[in-house]
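The following note sets out points on the structure shown below. They concern helix packing, the sheet and one residue within it.

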Amino acid sequence: MNITDTDRFDTSRFEAGRNRLASLAYRLLGSATDAEDAVQDAFLHWQAADRQRIEVPEAWLTKVVTNLCLDRLRSAQARRERTAGAWLPEPLLDGDPMLGPADTFEQRESVSLAVLTLMERLSPVERAVYVLREAFSYGHAEIAEILDITESASQQHLHRARRRITATRRRGGGDVDQASARRVVEEFLAAASSGRTERLVALLTDDATAISDGAGLARTLLRYDTPQRIATVARAGFTPTPAKRRLAGGTPAVHYALVNGSPAILFVVGDRVAGAVTFDIAGGRIATVRGIAAPARLTRLGEAWRRHEPDTPLITRW
């Protein structure tokens with residue numbers, strides 16, 4: 001095998017694991033764009049390495065990607081962005097390979113927008129241990145090797161991470177029934193579009209919260225913490241106006257979709273996603289509403305949507 005054949009073989013070995021590496025990086029960073037950059041940086045490390053000395057490429061690449069992501073999480077720029085109150089996870093359309101693996105409830109939950117947001121409360125190492133253990137089922141000995149820590153430290157980091165996440169997340173006892181979740185979201189859309197504030201309040205949990213990125217125009221996220229306030233904002237936000245259509249770039253159709261495993265509605269102009277509203281459902285009611293319309297947060301979701309065969313829109317012309 002000549003050097004060209006060797007390079008091709010090694011490149012194919014990297015590409016065979018690219019989706020797994022990207023899904024690891026996405027969970028660690030909460031950003032598809034940053035995850036893609038981290039994986040590409042890992043490929044450059046792979047090309048520059050003495051690959052003949054790498055006994056287990058998957059383990060070597062996992063360690064490289066994990067530590068590249070930790071470097072990003074620790075960077076001054078990332079800390080500024082994430083502590084300034086303007087950070088949200090980047091949403092992904094269901095079926096995106098970056099959301100895998102998704103065989104178990106723990107794996108699916110680890111990529112939900114709710115848990116990605118809660119992981120911001122963890123230190124970078126706690127986040128890495130949590131993701132490697134919960135989403136990829138690595139043992140503590142393997143995690144210790146990846147992160148250059150002891151096994152007991154890995155166990156302690158996992159214990160703290162689980163405690164911090166489970167103390168604040170809403171658990172519905174398992175996966176949400178998708179048919180029921182869709183009915184709740186459709187009722188929310190109908191009530192918001194028709195201005196029925198009382199019905200909106202009834203669809204929300206008593207401690208519901210809403211978060212919006214203000215279409216990327218606000219310096220910080222907009223937050224609303226009472227059902228009455230959320231209902232008022234939703235009624236105003238879901239009322240179409242010429243100004244909103246100009247901001248969206250046209251007259252959207254409104255589609256139901258699954259985003260990071262959760263129910264969502266997408267505002268679609270032509271084949272472009274102009275906005276997404278995602279919902280966390282708990283006990284048959286809405287616990288969290290997230291409005292995402294900053295174009296930079298919708299790039300990958302929009303690309304996936306263009307390859308997607310959508311259902312009939314809930315609203316043809318909003």
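1. For the helix pairs discussed here, an axis is a line fitted to the C-alpha atoms over the stretch in contact, and an angle runs from 0 to 180 degrees between N-to-C directions. The model is a predicted one. In it, helix 8 (residues 124–134) packs against helix 10 (residues 151–168) at an angle of about 90 degrees, and their axes are 8 Å apart. Helix 8 is therefore roughly perpendicular to helix 10, since angles of 65 to 115 degrees count as such.

2. The contact between these two helices draws on Val125, Glu126, Val129, Tyr130, Arg133 and Glu134 from helix 8. Helix 10 contributes Ser154, His157, Leu158, Arg160, Ala161, Arg162, Arg164 and Ile165. By class, the residues of the contact of helix 8 with helix 10 comprise six nonpolar, two polar and six charged.

3. A second helix pair is formed by helix 3 (residues 32–48) and helix 4 (residues 57–74), whose axes come within 9 Å and cross at roughly 130 degrees. These two helices are therefore oblique to each other, and their crossing is right-handed. On the side of helix 3, the contact involves Asp34, Asp37, Ala38, Asp41, Ala42, His45 and Trp46. These residues meet Pro57, Trp60, Leu61, Val64, Val65, Leu68, Cys69 and Arg72 of helix 4. The residues of the contact of helix 3 with helix 4 divide into ten nonpolar, one polar and four charged.

4. The sheet is open and has six strands in the order 2-1-6-5-4-3, with mixed pairing. Strand 2 and strand 3 (253–259) occupy the edges; each has a single partner strand, so one side of each lacks a neighbour in the sheet. From one strand to the next, the twist averages 20 degrees.

5. Strand 1 illustrates the mixed pairing. Strand 1 (residues 204–212) is parallel to strand 6 (residues 285–292), the two pairing over five bridges, whereas strand 1 and strand 2 (residues 222–224) pair in the antiparallel sense over three bridges. Ile211 takes part on both sides: Arg290 is its bridge partner in strand 6, and Arg223 stands opposite it in strand 2. Ser212, in turn, is opposite Leu222 of strand 2.

6. Helices also pack on the sheet. Helix 13 (residues 227–237) touches strand 1 and strand 2, and its direction makes about 45 degrees with that of strand 1. Helix 15 (residues 299–306) lies across strand 3, strand 4 (262–269) and strand 5, running at about 100 degrees to strand 5.

7. Where does Thr278 lie, and is Thr278 buried or exposed? Thr278 belongs to strand 5 (residues 272–282). Its relative accessible area is 0%, and Thr278 is therefore buried, the cut-off being under 20%.

8. The surroundings of Thr278 can be listed by contact. Beyond residues up to four places away in sequence, Thr278 touches Leu113, Val259, Pro263, Ala264, Thr288, Val289 and Arg290. Arg290 is also the bridge partner of Ile211. Leu258 is 20 residues from Thr278 in sequence, and the C-alpha to C-alpha separation of Thr278 and Leu258 is 8.4 Å.

Methods: Residues are numbered from 1 along each chain as its sequence is written. This is a predicted model: local features need pLDDT of at least 70, side-chain atom pairs count only at pLDDT 80 or more; totals for chains, interfaces and linings use all residues. Side-chain values use heavy atoms; hydrogens and water are left out. Helices (H or I, at least four residues) and strands (E, at least two) are DSSP runs, numbered from the N terminus. Buried means under 20% relative accessible area, exposed over 50%, partly exposed in between (1.4 Å probe, protein chains only). Contact means heavy atoms within 4.5 Å. Angles under 35 degrees count as roughly parallel, over 145 as roughly antiparallel, 65 to 115 as roughly perpendicular and the rest as oblique. A crossing is left-handed if the near helix is turned anticlockwise from the far one by less than a right angle, and right-handed if clockwise. Ala, Val, Leu, Ile, Met, Phe, Trp, Tyr, Cys and Pro count as nonpolar, Asp, Glu, Lys and Arg as charged, and the others, Gly among them, as polar. Two strands pair if DSSP finds at least two bridges between them.
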